[in-house]
Amino acid sequence: MDTNKKVDLTISGFGVAPGGDYGAVRISGRGKITGDTTCTELIITGSADVMGAVSCNRLHINGEAGIHGDLKAKELKVRGAGDFKASVSADDFSVSGTAHAEKSINAKAAKISGSVHVKGDLSADSFSSSGMFEVGGLLSADSVNITLDLSTSKAREIGGERITAKVGVTGLSVLRTIFTLGTHTPRLEADSIEGSSVWLEQTRARVVRGHDVTLGDGCDIVLVEYSGTLHKSGNVRVGEERKLG
């Protein structure tokens, strides 16, 4: 008998369980865990609240979940609705549903196809979005790749080595343009955007800084500072341009 095997926890109706060290935790009904929880995986297809911190290999939210303590996961996937009251740390962070974070999110890879709202910072090695995001602080990643398919995405600051924000040419963006008779205009808004290589479309910002900067159709920038090249094409408005030595 393996005395080291961890006990699994399953809530399929309505149930309350204490925090602890579990194997697999699965909640398909309405469940509540009352303390800090460590587990190999936490799979939520119903509605769940965890009143403490969570540490796991995999957290999949297909229903609704509220995590009230710090969250650490190797893989975090939100296909339903996730409400995170404290800091979030994950190797692989992906959202095709909706996620709200009261503090910060830190990930190695962040992929957004739904919507994400973060009151603090969002940092990652790589960040890609074809959905919608609002970041109250700094959005930072070595690679920032934004496809503007939905409504307006916002961040107070955006920083990275390579930053790209372009309008999508297929899927939902095209459908919305057709149904709104051309009035649908997805946009990126930020106070400042800074990177080595910056390529922007449909972006409104106070300051854009970079070595090589390309501004495409729909950009409205108060100040552009660049040390290498500046290219503009389409309907672009720039208040001031500064070439740095």
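## Overview

A strand here is a DSSP run of E with at least two residues, a helix a run of H or I with at least four, and both are numbered from the N terminus. Serine 192, for example, is found in strand β19. The model is predicted.

The chain holds 1 helix and 22 strands. Its C-alpha atoms fill a box of roughly 70 × 45 × 25 Å along the principal axes. Of the 245 residues, 47% count as buried. Take the contacts between residues at least 6 apart in sequence: 11% of them join residues at least 24 apart.

## Surface and charge

The accessible surface of the chain comes to about 11,600 Å². Carbon and sulfur atoms account for 48% of that surface. The chain carries 28 positive and 30 negative charges. The mean positions of the two sets are 2 Å apart.

## Parallel pairing

Two runs of paired strands can be followed. One involves β8 (residues 54–61), which runs parallel to β10 (residues 71–78), with 7 bridges joining them. Here histidine 60 stands opposite lysine 77 in β10. Strand β10 also pairs with β12 (residues 88–95), again in the parallel sense and over 7 bridges. In that pairing, leucine 71 stands opposite valine 88 in β12.

The other run involves β19, β20 and β21. Strands β19 and β20 pair in the parallel sense over 11 bridges. Valine 198 stands opposite valine 213 in β20. Strand β20 then pairs with β21 (residues 220–232), also parallel, over 10 bridges. Across this second pairing, arginine 209 stands opposite glutamate 225 in β21. In a regular strand, side chains alternate between the two faces of the sheet.

## The nonpolar core

The largest nonpolar core has 64 residues. Phe127 and Ile193 have the most contacts inside this core. Strand β17 (residues 132–148) gives the most to the core, with 7 residues.

Phenylalanine 127 shows how the contacts spread. Beyond four places in sequence, phenylalanine 127 touches Ala110, Ile112 and Leu122 on one side of its own number. At higher numbers, its partners are Phe133, Leu139, Ala141, Ser143, Val144, Asn145 and Ile146.

## Two buried strand ends

Isoleucine 61 lies in strand β8. Its relative accessibility is 0%, so isoleucine 61 counts as buried. Outside its neighbours up to four places away, isoleucine 61 touches Ile44, Lys77, Val78, Arg79, Gly80, Ala81, Gly82 and Phe84. Alanine 99 is 38 residues away along the chain, and the two C-alpha atoms are separated by 10.0 Å.

Leucine 200 has its place in strand β19. Leucine 200 is also at 0% relative accessibility and counts as buried. Its contacts, leaving aside neighbours within four places, are Ile163, Ala165, Ile193, Val208, Thr214, Leu215, Gly216 and Cys219. One of these, Ile193, is a residue with the most contacts inside the largest nonpolar core. Leucine 200 and alanine 155 are 45 residues apart in sequence and 14 Å apart in space, C-alpha to C-alpha.

## The loop at glutamine 202

Glutamine 202 lies in the loop between β19 (188–200) and β20 (203–215). Its phi is positive, at about 45 degrees, although glutamine 202 is not a glycine. Is this loop residue buried or exposed? Glutamine 202 has a relative accessible area of 13%, which is under the 20% limit, so it is buried.

## Arginine 156 and serine 192

Arginine 156 lies in strand β18 (residues 153–167). Its relative accessibility is 42%, between the 20% and 50% cut-offs, so arginine 156 counts as partly exposed. Its contacts beyond four places in sequence include Val135, Gly136, Gly137 and Leu138. Ala190, Asp191 and Ser192 are also in contact with arginine 156. Glycine 137 is 19 residues away along the chain, with 5.3 Å between the C-alpha atoms.

Serine 192 is the β19 residue from the opening example. Serine 192 has a relative accessible area of 11%, so this residue is buried. Leaving aside neighbours within four places, serine 192 is in contact with Arg156, Glu157, Ile158 and Val207. The pair of serine 192 and arginine 156 thus combines a buried residue with a partly exposed one.

Notes. Residues are numbered from 1 along each chain as its sequence is written. This is a predicted model: local features need pLDDT of at least 70, side-chain atom pairs count only at pLDDT 80 or more; totals for chains, interfaces and linings use all residues. Side-chain values use heavy atoms; hydrogens and water are left out. Buried means under 20% relative accessible area, exposed over 50%, partly exposed in between (1.4 Å probe, protein chains only). Contact means heavy atoms within 4.5 Å. Accessible areas come from the Shrake-Rupley method with a 1.4 Å probe; for residues, only the protein chains shown count as cover. Lys and Arg count as positive and Asp and Glu as negative; His and the chain ends are not counted. The place of a charge is taken as NZ of Lys, CZ of Arg, CG of Asp or CD of Glu. A nonpolar core is a set of buried Ala, Val, Leu, Ile, Met, Phe, Trp, Tyr and Cys residues joined through side-chain atoms within 4.5 Å. Two strands pair if DSSP finds at least two bridges between them.
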